[in-house]
Amino acid sequence: MVSHDAGRFGAQLLALHMVRALREALGFEVTTILLGDGPLRSEFEALGPVIDFGQPSWREKASPEVLQRRKATLHRLAADGYRHAICN
């Protein structure tokens, strides 16, 4: 799951509920990538691993180093068998 942040608003609550349903009802392991922080972060963490892509903000241009680290993280997820993403 990719969410633009962990604020307590509609889209983020929908993402949290989808993670909960995928994990609890269907037995999937779900990793969440957050593009920003917020009060729902601990709830996402309770349901599975959370990767923080929040710095710099998605509203700002990331340096080549940050982009390289993010790319490496995504490659690691792919190597671990992740094949799909739900982006919110």
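**Close-up views of the predicted model**

**View A. Glutamate 43 and its salt-bridge partner.** Glutamate 43 counts as partly exposed, because its relative accessible area is 27%, between the 20% and 50% cut-offs. Keep in mind that this is a predicted model. Of the 6 salt bridges in the structure, one joins the side chains of glutamate 43 and arginine 8, with N and O 3.2 Å apart. This pair bridges distant parts of the chain: glutamate 43 belongs to helix H2, while arginine 8 sits in the loop between S1 and H1, 35 residues away in sequence. Arginine 8 is partly exposed too, at 45% relative accessibility.

**View B. Salt bridges around arginine 41.** Here the side chain of arginine 41 meets that of aspartate 37 in a salt bridge, at 3.9 Å from N to O. Aspartate 37 is out in the open: with 55% relative accessibility, it counts as exposed. Arginine 41 also has a salt bridge to aspartate 52, where the closest N and O atoms are 3.7 Å apart. Since arginine 41 is in helix H2 and aspartate 52 is in strand S3 (residues 50-52), this pair ties together parts 11 residues apart in sequence. Aspartate 52 comes in at 44% relative accessibility, so it goes down as partly exposed. Through shared partners, salt bridges knit Asp37, Arg41, Glu45 and Asp52 into a single network.

**View C. The largest nonpolar core.** Eleven residues is a fair handful to find by eye, so here's the full set: Met1, Ala6, Ala15, Leu16, Val19, Val30, Leu34, Leu40, Phe44, Leu47 and Val50, 11 residues in all. Two helices, H1 (10-25) and H2 (41-47), each bring in at least two of the core residues. The top contributor is H1, with 3 residues. Another core, of 5 residues, lies apart from this one and includes Val2, Ile51, Phe53 and Leu77. As a rule, nonpolar side chains in soluble globular proteins tend to be buried together.

**View D. Helix H1 and its two sides.** Does the length of H1 add up, and what should its 16 residues span? At 1.5 Å a residue they should span 22 Å, and the end C-alpha atoms are 21 Å apart, which agrees. The buried residues on this helix are Gln12, Ala15, Leu16 and Val19. Because these four cover an arc of only 95 degrees around the axis, they end up on the same side of H1. In an α-helix there are 3.6 residues a turn, so residues three or four places apart point the same way. Look at the other side of H1 and you'll find Gly10, Glu24 and Ala25 exposed. The buried residues of H1 pack against strand S1 (2-3), strand S2 (32-34) and H2. Just past the helix, glycine 27 adopts a positive phi of about 75 degrees.

**View E. Valine 30 and threonine 32 up close.** Skipping residues up to four places away in sequence, valine 30 touches Met1, Val19, Leu22, Leu47, Gly48 and Pro49. Threonine 32 is part of strand S2. With just 1% relative accessibility, threonine 32 counts as buried. Which residues does threonine 32 contact, leaving aside neighbours within four places in sequence? They are Met1, Val19, Phe44, Pro49, Val50 and Ile51.

Technical notes:
Residues are numbered from 1 along each chain as its sequence is written. This is a predicted model: local features need pLDDT of at least 70, side-chain atom pairs count only at pLDDT 80 or more; totals for chains, interfaces and linings use all residues. Side-chain values use heavy atoms; hydrogens and water are left out. A nonpolar core is a set of buried Ala, Val, Leu, Ile, Met, Phe, Trp, Tyr and Cys residues joined through side-chain atoms within 4.5 Å. Buried means under 20% relative accessible area, exposed over 50%, partly exposed in between (1.4 Å probe, protein chains only). Contact means heavy atoms within 4.5 Å. The expected span of a helix is 1.5 Å times one less than its number of residues. The arc is that of the directions from the helix axis to the C-beta atoms. A salt bridge is a side-chain nitrogen of Lys or Arg within 4 Å of a carboxyl oxygen of Asp or Glu.
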